[in-house]
Amino acid sequence: MMVIDIRDYSQYLKGHLKGAISIPFSLLYISPNQYLEKDKTYHIYCDTGVRSSLLVRHLNLQGYHCVNLDGGYVKHLFK
């Protein structure tokens, strides 16, 4: 399972979910083909889940398989 943190890199450096990689929202929105493959599943999160839900919808419409981590970093930090 690949987990992607779409927050700014400075936020990522302050803390992120274990195993997550950093790909900021704007880069992933504009050029998903540079970062994603259509035959893989990606779990995407931001701080609260709002921006990631928008991005997941956008990417899924383009044929990628993405799942939003509801509640974002804030919710999953303490799991």
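Start by selecting strand 1 (residues 2-5) and strand 3: the two pair in the parallel sense over four bridges. This is a predicted model. Within that pairing, show Met2, which stands opposite Tyr42 in strand 3.

Next, add strand 2 (residues 21-22), which pairs with strand 1 in the parallel sense over two bridges. Pick Asp5 and look across to strand 2, where Ser22 is its bridge partner. Now display helix 1 (residues 9-14) as well; strand 1, helix 1 and strand 2 together make a right-handed β-α-β unit.

Move on to helix 3 (residues 50-61). Its end C-alpha atoms are 17 Å apart, which agrees with the 16 Å that twelve residues should span at 1.5 Å a residue. Colour Ser52, Leu55, Val56 and Leu59, which are buried. Looking down the axis of helix 3, you will find its buried residues within an arc of 105 degrees, so they line one face of the helix. The general background is that an α-helix has 3.6 residues a turn, so residues three or four places apart point the same way. Turn to the other side of helix 3 and select Val50, Arg57 and Leu61, which are exposed.

What do the buried residues of helix 3 pack against? Show helix 2 (25-30), strand 3 (41-45) and strand 4 (65-68), which are the elements they pack against. Past the end of helix 3, stop at Gly63, which follows the helix and has a positive phi, near 100 degrees.

Now select the largest nonpolar core, a set of 13 residues. Ile4, Ile6, Leu28, Leu36, Ile44, Leu59 and Cys66 have the most contacts inside this core. Strand 3 and helix 3 are the elements that give two or more residues to it, and helix 3 gives the most, with three residues.

Centre the view on Ile44. Leaving out residues up to four places away in sequence, Ile44 touches a list of residues including Ile4, Ile6 and Leu28, then Ser52, Leu55, Val56 and Leu59 from helix 3, and also Cys66, Val67, Asn68 and Leu69. Another core, of six residues, lies apart from the largest one; among its members are Leu17, Ala20, Tyr45 and Leu69.

Finish at His76, in helix 4 (residues 72-76). Is His76 buried or exposed? His76 counts as buried, because its relative accessibility is 16% and the cut-off for buried is under 20%. Beyond its neighbours within four places in sequence, His76 is in contact with Leu17, Leu69 and Asp70. For a last distance, pick the C-alpha atoms of His76 and Cys66: the two residues are ten apart along the chain, and these atoms are separated by 17 Å.

Key: Residues numbered from 1 in each chain as written. Predicted model: local features only at pLDDT ≥ 70, side-chain atom pairs only at ≥ 80, totals over all residues. Heavy atoms only, no water. Buried < 20%, exposed > 50% of the residue type's maximum accessible area, 1.4 Å probe, protein only. Contact = heavy atoms within 4.5 Å. Expected span 1.5 Å × (residues − 1). Arc of directions from axis to C-beta. Pairing = 2+ DSSP bridges. Right-handed = clockwise from strand over helix to strand, strands pointing away. Core = buried A, V, L, I, M, F, W, Y, C linked by side-chain atoms within 4.5 Å.
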